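Trainee: I've got a model open and I'd like to learn how to read it properly. Can we go through it feature by feature?

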Amino acid sequence: SASLRTHAAAKGKFIGAALATSPLSNETSYRNIAATEFNQVTAENAMKWDATEPSQGQFNFSGADAIVNFATQNNQQVHGHTLVWHSQTPSWVQNLGASAMRQAMQNHISQVVGRYANNATVVSWDVVNEIFDENGGWRTSFWYNTLGQSFVADAFRAARAADPNARLCINDYNVEGINAKSTAMYNLVSSLRQQGVPVDCVGFQSHLAIQYGFPNDLQRNLQRFADLGVQVRITELDVRMQMPRDATKDATQATYYRNVVNACLAVTACAGVTIWGFTDKHSWVPDTFPGQGAALIYNESYQPKPAYNAVHDAL
Ligand code: XIL
């Protein structure tokens, strides 16, 4: 039966995957599935600040270019991830004073976004990532501590200047349901847009876990953001479980994947769903959440799991 991307395209949505540079160059199965099943890709790490500007003014686009070239060859779009984040950002940035930090941020955005601005493959960016606390306050990152809230509007304006055609997103996790954090994001997006700050899109990471339950108000939450006039998208979907895997957990996982795809399909402004990888052979989950894993739609041997079929059938 046809690929995920064929079905997604027929519904006017994208189905994406985060890609890592090393298996992309070393593993045929990885490359083949990435090329045939998905019509959108995100660099799992290759476009982050520590990869693209490890020391000030010294840019390295080798990994980012590898992802973009792969996508271009396979007629896929790239979602740029990510420009301004508290994590995977070199200490030289973190140690700058306010005006130097603002300038470094604007220069980074201008160089990284500018590199792909005339490349039809890179169509959107996560401009700021994970700026909220779980209770809806601002995360006290080095960005916030040094620059206050202003770094967000400055980052969006710099990204718009670097590529007037790119769709500019704010992205976060644990904002899939209606809760204090997603409401803080909602209020900020609303207020920024009222001020003319170019926020076009909201990304819902969707790092889910079967033991925590499904956010049943996902569709309603996506819709309230859509009603602000922004595009919404699922940016980093995975559904982890306590190991070991078994058939019951696989079935629950499959329903979570299906529910996410259905929520996006039900919201006109939802552009698509990106999965944070595709094979359990290459996933951040076991390294990040001890004892958990098997969060993706193919197993470690590149065989499709029930979650693959659920996504396929939903699309
Ligand atoms: C993760 C990558 O998957 C890992 O390989 C890396 O070591 C750490 O970052 N939220 C994000 C992503 O926005 O960039 C993170 O990706 C996962 C959580």
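Trainee: Let's start at the ligand. How do the residues of the shell around the ligand divide into nonpolar, polar and charged?

Mentor: Keep in mind that this is a predicted model. The shell has one nonpolar residue, three polar and two charged. By name, the residues surrounding the ligand are E44, N45, N129, Q205, E236 and W284.

Trainee: Which of those residues does the UniProt annotation "active site" cover?

Mentor: That would be E236, according to the UniProt record, and the entry is unreviewed. Such annotations may be inferred rather than shown by experiment. In the model, E236 sits in strand β8, which spans residues 231-242.

Trainee: Is E236 buried or exposed?

Mentor: The idea is to count C-beta neighbours: 20 or more within 10 Å makes a residue buried, and 12 or fewer makes it exposed. E236 has 25 such neighbours, so it counts as buried.

Trainee: And which residues is E236 in contact with, leaving aside its neighbours within four places in sequence?

Mentor: The list is A18, Q205, S206, H207, T274 and W276. Q205 is also one of the residues around the ligand.

Trainee: Now the backbone. What should I expect before I go looking for oddities?

Mentor: Most peptide bonds are trans, and most residues other than glycine have a negative phi. Departures from that pattern deserve a look.

Trainee: Where are the cis peptide bonds, then?

Mentor: One joins H81 and T82, with omega about -5 degrees. T82 belongs to strand β3, residues 77-84. Another runs from M243 to P244, where omega is near 5 degrees. P244 is in the loop between β8 and α12, the helix at 247-266.

Trainee: What about phi: which residues have a positive value although they are not glycines?

Mentor: Q88 has a phi of about 50 degrees, and E130 has one of about 60 degrees. Both are in loops: Q88 between β3 and α6 (91-94), E130 between β4 (122-129) and α8 (142-147).

Trainee: Are Q88 and E130 buried or exposed?

Mentor: Use the neighbour count again. Q88 has 12 C-beta neighbours inside 10 Å, so it counts as exposed. E130 has 20, so it counts as buried.

Trainee: I also clicked on P90. Where does P90 lie?

Mentor: P90 is in the loop between β3 and α6. With 14 C-beta neighbours inside 10 Å, P90 counts as partly exposed. Beyond its neighbours within four places in sequence, P90 is in contact with W49, D50 and P54. For a distance check, P90 and N69 are 21 residues apart in sequence and 26 Å apart in space, C-alpha to C-alpha.

Trainee: Let's zoom out. How many helices and strands are there in the protein?

Mentor: The protein has 14 helices and 10 strands. Its C-alpha atoms fill a box of roughly 55 × 40 × 40 Å along the principal axes.

Trainee: What does the radius of gyration say about the overall form?

Mentor: A compact globule of 315 residues would come out near 20 Å; the protein has 18 Å, which agrees. Buried residues make up 48% of the 315 residues.

Trainee: And how much of the contact map joins residues at least 24 apart?

Mentor: Among contacts between residues at least 6 apart in sequence, 76% join residues at least 24 apart.

Key
Residues are numbered from 1 along each chain as its sequence is written. This is a predicted model: local features need pLDDT of at least 70, side-chain atom pairs count only at pLDDT 80 or more; totals for chains, interfaces and linings use all residues. A residue is near a molecule or strand if its C-beta atom, placed from the backbone, lies within 6 Å of it. Ala, Val, Leu, Ile, Met, Phe, Trp, Tyr, Cys and Pro count as nonpolar, Asp, Glu, Lys and Arg as charged, and the others, Gly among them, as polar. Helices (H or I, at least four residues) and strands (E, at least two) are DSSP runs, numbered from the N terminus. Two residues are in contact if their C-beta atoms, placed from the backbone, lie within 7 Å. The radius of gyration is taken over C-alpha atoms; the globule rule is 2.2 Å times the number of residues to the power 0.38.
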